[in-house]
Amino acid sequence: MKALVKNLINLLRPVNDVDQTLHERQIENSKLRAEKKTDFKRWQNNEQLFSDWDERTIILGSYILPNANIIEFGAGNMILKNHIQNYKSYIPTDIVPRFEETIVCDLNQEIISEVKKCDTAVFSGVLEYVYDINRVFDELGPTIKQVVLSYCCSDIVKLSRDKNGWLSDYTKQELEEIFSKHSFKIENYSEWRQQSIFNLIRL
């Protein structure tokens, strides 16, 4: 109910207010990109977690193999945990500790050591805010056998990346080259609202 009210409020906001917010985000994002910094200010606000993103997370969860030891990066409200079954363990990480069990992890810094306890990594709408995705895959380590992720590829999604707060600009081909470099094959590919969804299995 709270999510519905929040979305209605956003719809009823004056156009000028929305334009101003987008303009401010564009300016702030340009500064962040120039300094290679993470947008902590934005993600400390729980109102930035929109309920219509849940569908994407549920789709990603449908690809997770049985008996997985899962680490989710950018777990937010932990929607994934509520929609997966037949898994062994689940570790939620986020840029801020939204819940007691959330482990703080900034993907623009070194990945937390807990990843070594897991065989499955999930990135739902989070890699757009990471400057160097290749480094992230470098740091996942050999224990990760499956990666499920979404990404707004710059050659598919033509929206302003600055206005959306996105910090990276990878094309679909560039991502695929990173996956291949790290010995992952694309087991499944689909799109959700033009966002690319990849299910990767280590060779």
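Student: In this predicted model, is Phe 137 buried or exposed?

Tutor: Burial is read from the relative accessible area, and a residue under 20% counts as buried. Phe 137, with a relative accessible area of 3%, is therefore buried.

Student: Which residues is Phe 137 in contact with, leaving aside its neighbours within four places in sequence?

Tutor: With those neighbours within four places set aside, the contacts of Phe 137 are Val 147, Leu 149, Ile 178, Phe 179, His 182, Phe 184 and Leu 200.

Student: How should I read the burial of a helix, and how many of the eight residues of α5 are buried?

Tutor: One begins with a general point about helix geometry: an α-helix has 3.6 residues a turn, so residues three or four places apart point the same way. In the present case, α5 spans residues 133–140, and because six of its eight residues are buried, the helix is largely enclosed by the rest of the structure. The residues concerned are Ile 133, Asn 134, Arg 135, Val 136, Phe 137 and Leu 140.

Student: What covers the buried residues of α5, and what is found at the ends of the helix?

Tutor: The cover includes the strands β1 (69–73), β4 (120–123), β5 (146–151), β6 (184–192) and β7 (195–202), together with α6 (172–181). At the N-terminal end, Asp 132 acts as a cap, with a side-chain oxygen 3.3 Å from the backbone nitrogen of Asn 134. After the helix comes Gly 141, which has a positive phi, near 85°.

Student: How does one read a nonpolar core, and how many residues has the largest one here?

Tutor: The general idea is that, in soluble globular proteins, nonpolar side chains tend to be buried together. The largest nonpolar core of this model has 31 residues, and those with the most contacts inside it are Phe 73, Phe 123, Ile 133, Phe 137, Leu 140, Val 147 and Leu 149. Two or more residues come from each of β1, β4, α5, β5, α6 and β7, and α5 gives the most, with four residues. Another core, of 13 residues, lies apart from this one and has Ile 64, Tyr 90, Trp 192 and Ile 197 among its members.

Student: Asn 134 is among the buried residues of α5; how should a polar residue in such a place be read, and which side chain does a polar contact join to that of Asn 134?

Tutor: It helps to look at the accessibility and the partners together. Asn 134, in helix α5, counts as buried at 18% relative accessibility. Its side chain is joined to that of His 182 by a polar contact of 2.9 Å. Beyond its neighbours within four places in sequence, Asn 134 is in contact with Tyr 170, Ile 178, Lys 181 and His 182.

Student: How are aromatic pairs to be read, and how many are there?

Tutor: One reads the distance between ring centres together with the angle between the planes, and the count here comes to six aromatic pairs. For Phe 137 and Phe 179 the centres are 5.5 Å apart and the planes at 45°, so the pair is tilted. This pair links distant parts of the chain, since Phe 137 belongs to helix α5 and Phe 179 to helix α6, 42 residues apart. Phe 179 counts as buried, at 1% relative accessibility. By contrast, the rings of Tyr 151 and Tyr 170 have planes at 75° and centres 6.2 Å apart, so that pair is edge-to-face. Because Tyr 151 lies in strand β5 and Tyr 170 in the loop between β5 and α6, the pair ties together parts that are 19 residues apart in sequence. Both Tyr 151 and Tyr 170 are buried.

Student: Which residues form one aromatic cluster with Phe 137, and which charged end sits over the ring of Tyr 189?

Tutor: The cluster consists of Phe 137, Phe 179, Phe 184, Tyr 189 and Phe 198. Over the ring of Tyr 189 sits the charged end of Lys 172, 4.6 Å from the ring centre.

Student: Finally, how should salt bridges be read, and how many does the structure hold?

Tutor: Side chains of opposite charge can pair when their charged atoms come close. The structure holds six salt bridges. In one of them, Lys 81 pairs with Glu 101, the closest N and O atoms being 3.3 Å apart; Lys 81 lies in the loop between β1 and β2 (89–94) and Glu 101 in the loop between β2 and β3 (103–104), 20 residues apart. Lys 81 is partly exposed, at 30%, and Glu 101 is partly exposed, at 39%. Arg 98 and Asp 94 also meet in a salt bridge, at 3.0 Å from N to O, where Arg 98 is buried at 16% relative accessibility and Asp 94 is buried at 8%.

Conventions: Residues are numbered from 1 along each chain as its sequence is written. This is a predicted model: local features need pLDDT of at least 70, side-chain atom pairs count only at pLDDT 80 or more; totals for chains, interfaces and linings use all residues. Side-chain values use heavy atoms; hydrogens and water are left out. Buried means under 20% relative accessible area, exposed over 50%, partly exposed in between (1.4 Å probe, protein chains only). Contact means heavy atoms within 4.5 Å. A polar contact is a pair of N or O atoms within 3.5 Å; within protein, one must be able to donate a hydrogen and the other to accept it, and residues adjacent in sequence count only if both atoms are side-chain atoms. A nonpolar core is a set of buried Ala, Val, Leu, Ile, Met, Phe, Trp, Tyr and Cys residues joined through side-chain atoms within 4.5 Å. Rings of Phe, Tyr and Trp (its six-membered ring) pair if their centres lie within 6.5 Å; planes under 30 degrees apart count as stacked, over 60 as edge-to-face and the rest as tilted. A charge sits over a ring if NZ of Lys or CZ of Arg is within 6 Å of the ring centre and within 35 degrees of the ring normal. A salt bridge is a side-chain nitrogen of Lys or Arg within 4 Å of a carboxyl oxygen of Asp or Glu.
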